[in-house]
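Reader: I would like to go through this model with you and ask, for each term you apply to it, what that term rests on.

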Amino acid sequence: MMMFNSNSNPKSAIRNSQSAIECFTLIELLVVVAIIAVLVAMLLPALNAAREKARQTACSSNLRQIGIAMTMYQNEYNDFFAPTHLNNGTSPSPAWGSTGWHQLFVNLHFTQWTIFMCPAGWNYNTSSWRHSASDPSQTYYQKFINYGYNMFYVGGFPDEPAGYPFSRTPARSNDIAQPSDTIMMTDTWNVGNNSPFYIVVNYFSTYSGYGVAWPYHSTGLNILWTDGHTSGVTMKDPIAEYPVALPQYLWDRK
Ligand SMILES: [Zn+2]
């Protein structure tokens with residue numbers, strides 16, 4: 001009995017098999033590329049969402065640490081919240097030459113300067129405000145940090161010009177009627193200066209020289225409340241949604 005018939009030339013079979021494999025591989029390659037393209041398209045939004053969630057969590061953690069630093073300050077300074085900045089004696093409102101609340105916390109060894117940068121805010125509109133990409137601490141010294149302090153109602157306004165209806169001195173815990181509903185710090189952007197800022201104020205247009213609460217995150221912004229808890233507030237359009245998302249009662253001491 002023969003092992004191979006006349007059509008079973010091994011060399012010919014190998015050749016046929018190779019050409020079949022090449023042909024199949026080409027089609028398969030196109031199919032696989034198409035499948036990968038679909039999978040990537042499906043996966044990218046999930047990856048972006050995961051990255052954004054991680055940034056929100058890191059931001060919230062930063063704010064909680066700021067809240068702990070504030071509690072440490074109050075324990076040492078007779079329950080006063082930290083001043084927005086230390087008045088250096090010149091006028092008017094010499095915030096640039098004075099020591100900001102965040103610098104005070106670092107000087108007192110309550111925390112590191114790095115926690116003042118929101119991961120989403122640091123990547124937000126990078127055009128002009130980063131003084132030195134190689135040394136981000138320079139940005140911190142210039143007060144371009146991502147978290148603004150509620151100056152008018154919690155930190156006080158030591159250089160307040162005559163006629164402004166706000167407190168010059170920082171509040172104490174007992175001055176805040178609803179601590180869990182009163183903003184202490186939040187993600188902040190200074191629209192006039194096109195930069196982050198260490199002070200946040202309650203109205204969008206009236207005090208545009210300061211920062212306003214700003215939605216660095218895709219869903220909105222994070223807030224540290226005066227009782228020390230943090231939460232997110234949904235806001236995509238600061239101009240349209242500001243009065244509704246952050247009404248006056250969330251800012252003042254009442
Ligand atoms: Zn943030």
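Author: Strand 4 is a good place to begin, for it is mostly covered, with seven of its seven residues buried. Please keep in mind that the model is a predicted one.

Reader: What makes a residue of strand 4 count as buried?

Author: A residue is called buried if 20 or more other C-beta atoms lie within 10 Å of its own, and seven of the seven residues in strand 4 are buried, so the strand is described as mostly covered.

Reader: How do you know that strand 3 and strand 4 pair, and in which sense?

Author: Pairing requires at least two bridges between the strands; strand 3 and strand 4 have three bridges, in the antiparallel sense, and therefore they pair. Within this pairing, Gly-148 stands opposite Thr-186 of strand 4.

Reader: Which bridge partner does Thr-186 have in strand 7, and how do strand 4 and strand 7 pair?

Author: The partner of Thr-186 in strand 7 is Ile-223, and strand 4 and strand 7 pair over three bridges, again in the antiparallel sense.

Reader: Why do strand 4 and strand 6 count as a pair?

Author: They are joined by two bridges in the antiparallel sense, and because the requirement is at least two, they count as paired. In strand 6, Ala-213 is the bridge partner of Thr-188.

Reader: What is the largest nonpolar core, and which residues have the most contacts inside it?

Author: It has 49 residues, and those with the most contacts inside it are Ile-66, Tyr-149 and Ile-199. Among the elements that each supply at least two residues of this core are helix 1 (10-76), strand 3 (147-150), strand 4 (183-189) and strand 7 (220-225), while the largest share, six residues, comes from helix 1. Ile-199 touches residues including Thr-84, Gly-148, Tyr-149 and Tyr-210, leaving aside residues up to four places away in sequence.

Reader: Why is Asp-237 called exposed?

Author: Asp-237 has 9 other C-beta atoms within 10 Å, and the term applies at 12 or fewer, so Asp-237 is exposed. The residue lies in the loop between strand 8 (230-234) and helix 6 (238-245).

Reader: Where does the predictor's confidence stand, for the chain and for its elements?

Author: The mean pLDDT of the protein chain is 82, with 76% of its residues reaching 70 or more. Among the elements, strand 7 has the highest mean, 97, and helix 4 (residues 137-141) the lowest, 69. Over residues 91-95 the pLDDT stays under 50.

Technical notes
Residues are numbered from 1 along each chain as its sequence is written. This is a predicted model: local features need pLDDT of at least 70, side-chain atom pairs count only at pLDDT 80 or more; totals for chains, interfaces and linings use all residues. Helices (H or I, at least four residues) and strands (E, at least two) are DSSP runs, numbered from the N terminus. A nonpolar core is a set of buried Ala, Val, Leu, Ile, Met, Phe, Trp, Tyr and Cys residues joined through C-beta atoms within 7 Å. Two residues are in contact if their C-beta atoms, placed from the backbone, lie within 7 Å. pLDDT is the predictor's confidence in each residue, from 0 to 100.
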